[in-house]
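Welcome to a small set of worked exercises. Please keep the viewer open and try each task before you read its solution.

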Amino acid sequence: MHELSVTQSLLELAQDHARGGQITDLYIVVGQLSSFIDDSVQFYWNVISEGTLAEGSTLHFNRKTAVMECRECQHQYQFNAEQFACPNCGSVQIQLISGDEFYLEAIEVVPMEQIPS
């Protein structure tokens, strides 16, 4: 259900930056370890964008692989759920570098004067 509040925030952010133009596309970055589900965000988007400057716009999801870093040897590697330890030295002293993000990277807007009536 947290997808609803995040999707509402995406709509508000997009409308704030659209400056009255028609929003056509939104590009969203979603980390591999993020708890957000693309289909749920898309479902809520279709519902809450109706009647707004974003109605009919397309959401583009860019999934980012999680990257870990070993605190022992500073080796960075892609997260693998089957191997938690550092593949370089075997240490379990690791930290997440990226992969839990969820953010609006870009929007495409058509100025109202360019939209056919």
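## Exercise 1: A charged pair

Asp 38 and Arg 63 form a salt bridge, with 3.0 Å between the closest N and O atoms. The term stands for a side-chain nitrogen of Lys or Arg within 4 Å of a carboxyl oxygen of Asp or Glu. Bear in mind that this is a predicted model, in which local features need pLDDT of at least 70 and side-chain atom pairs count only at pLDDT 80 or more, while totals for chains, interfaces and linings use all residues. Residues are numbered from 1 along each chain as its sequence is written, and side-chain values use heavy atoms, with hydrogens and water left out.

Task: work out which parts of the chain the pair of Asp 38 and Arg 63 ties together.

Solution.
- Step 1. Place the partners: Asp 38 lies in helix α2 and Arg 63 in strand β2, so the pair ties together parts that are 25 residues apart in sequence. Helices (H or I, at least four residues) and strands (E, at least two) are DSSP runs, numbered from the N terminus.
- Step 2. Check the surroundings of Arg 63: its relative accessible area is 38%, which makes the residue partly exposed. The classes are buried under 20% relative accessible area, exposed over 50% and partly exposed in between, with a 1.4 Å probe and protein chains only.
- Step 3. Look for others: a search of the whole structure finds one salt bridge.
- Step 4. Recall the principle: side chains of opposite charge can pair when their charged atoms come close.

## Exercise 2: Two helices and their faces

Task: find which residues of α1 are buried and where they lie around the helix.

Solution.
- Step 1. Test the length of α1: at 1.5 Å a residue, its 17 residues should span 24 Å, and the end C-alpha atoms are indeed 24 Å apart. The expected span is 1.5 Å times one less than the number of residues.
- Step 2. List the buried residues of α1: Glu 3, Val 6, Thr 7, Leu 10, Leu 11, Ala 14 and Ala 18. They cover an arc of only 145 degrees around the axis, which puts them on the same side of α1; the arc is that of the directions from the helix axis to the C-beta atoms.
- Step 3. Turn to the other side of α1, where Glu 12 and Asp 16 are exposed.
- Step 4. Zoom in on Thr 7, buried at 0% relative accessibility. Not counting residues up to four places away in sequence, Thr 7 touches Val 41, Tyr 44, Trp 45 and Ile 48, where contact means heavy atoms within 4.5 Å.
- Step 5. Repeat for α2, whose buried residues are Asp 38, Val 41, Tyr 44 and Trp 45. Seen down the axis, these fall within an arc of 135 degrees, so they line one face of α2.
- Step 6. Ask what they pack against: α1, β1, β2 and β6. On the other side of α2, Asp 39 and Phe 43 are exposed.

## Exercise 3: Strand partners

Task: determine which strands β1 is joined to, and in which sense each runs.

Solution.
- Step 1. Start with β6 (residues 102–110): eight bridges join this strand to β1, and the two run antiparallel. Strands count as paired if DSSP finds at least two bridges between them. Asp 25 stands opposite Glu 108 in β6.
- Step 2. Go on to β2 (residues 58–64), which runs parallel to β1 over seven bridges. Ile 28 has Phe 61 in β2 as its bridge partner.
- Step 3. Follow the chain from β1 through helix α2 (residues 38–48) to β2; this β-α-β crossover is right-handed. That is, with the strands pointing away from the viewer, the path from the first strand over the helix to the second runs clockwise.
- Step 4. Check the cover: seven of the 10 residues of β1 are buried.

## Exercise 4: A glycine before a strand

Task: is Gly 21 buried or exposed, and which residues is Gly 21 in contact with?

Solution.
- Step 1. Locate Gly 21 in the loop between α1 (2–18) and β1 (22–31).
- Step 2. Read its relative accessible area: at 3%, Gly 21 is buried.
- Step 3. Leave aside neighbours within four places in sequence, and the contacts of Gly 21 are Leu 53, Val 109, Val 110, Pro 111 and Met 112.
- Step 4. Take the C-alpha atoms of Gly 21 and Met 112: they are separated by 4.9 Å, although the residues are 91 apart along the chain.
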